[in-house]
Amino acid sequence: GRIREFERICRQQALATARRHLPPGRKLFLNTSAAALRDEELLGGGLVRAAARAGLTPAEVALEITERVAVEERRSYHEALRELKRDGFGIAVDDVEAGYASLQALVEIEPDFMKFDVSMVRHIDRSLIKRSLLETLVDLSRRIGAEVVAEGIEGEAELATLTDLGVRLGQGRHL
């Protein structure tokens with residue numbers, strides 16, 4: 001029952017050390033739970049002040065919410081996400097898949113970043129279906145002005161395929 005308190009500590013530590021570890025021009029992505037989106041220290045300008053104390057602007061910080069939160073809790077957290085976007089923070093939807101619920105969450109949240117789950121990325125170089133699906137979702141992301149992040153890149157062939165599809169950002173053991 002102490003997730004909110006735990007996230008506050010993690011958020012404070014991440015912000016406090018970001019300048020030491022974050023190269024210029026890069027963003028700090030903060031995993032954020034549904035409970036944190038109700039935290040008064042996050043909303044009402046609280047995160048703006050915390051970022052400023054750490055020497056960061058809101059544009060240098062993105063809040064990363066899981067697709068599951070986005071789907072299950074979208075109505076109750078929609079206003080909190082809109083407030084954070086108005087403050088200048090990026091919003092990333094993590095673990096994006098291709099199901100109807102995922103697409104509905106994207107429509108409602110209007111994310112700045114779409115992070116594609118490792119299940120979509122793993123062996124994409126060997127799967128015409130995965131390539132075709134991701135190609136469609138990359139096109140969608142461009143149309144809505146969101147950046148795509150591929151998670152779980154483990155080999156050169158996966159990276160080459162993702163690059164060919166226009167994915168500019170990624171994470172994984174290979175990188």
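Trainee: Which residues of strand 4 are buried on its two sides?
Mentor: This is a predicted model. In a regular strand the side chains alternate between the two faces of the sheet. Strand 4 has both faces covered. The buried residues are Phe 113 and Lys 115 on one side, and Met 114 and Phe 116 on the other.

Trainee: In strand 5, what is the bridge partner of Lys 115?
Mentor: Strand 4 and strand 5 run parallel and pair over four bridges. Lys 115 takes part, and its partner in strand 5 is Val 149.

Trainee: And which residue in strand 4 is the bridge partner of Ala 92?
Mentor: Look at strand 3 and strand 4. They pair in the parallel sense over three bridges. The partner of Ala 92 is Phe 113.

Trainee: Which strands stand at the edges of the sheet?
Mentor: The sheet is open, with six parallel strands in the order 1-2-3-4-5-6. An edge strand has a single partner, so one of its sides is left without a neighbour in the sheet. The edges are strand 1 (28-31) and strand 6 (169-170).

Trainee: Which strands does helix 7 touch?
Mentor: Helix 7 spans residues 128-144 and packs on the sheet. Its direction makes about 165° with that of strand 4. The strands touched are strand 4 (113-116) and strand 5 (147-150).

Trainee: Which residues lie closest to the centre of the largest pocket?
Mentor: The largest pocket has a volume of about 390 Å³. Strand 1, strand 4 and strand 6 each supply at least two residues of its lining. Of the 14 lining residues, the closest to the centre are Arg 26, Lys 27, Phe 29, Leu 169 and Gly 170.

Notes: Residues numbered from 1 in each chain as written. Predicted model: local features only at pLDDT ≥ 70, side-chain atom pairs only at ≥ 80, totals over all residues. Heavy atoms only, no water. Pairing = 2+ DSSP bridges. Contact = heavy atoms within 4.5 Å. Axes fitted to C-alpha atoms, helices over the stretch in contact; angles between N-to-C directions. 1 Å grid on protein atoms, 1.4 Å probe; cavity = no way out; pocket = protein on both sides within 12 Å on 5 of 7 lines; lining within 4 Å. Points joined across faces, edges and corners; volume = space filled by probe spheres on them. Buried < 20%, exposed > 50% of the residue type's maximum accessible area, 1.4 Å probe, protein only.
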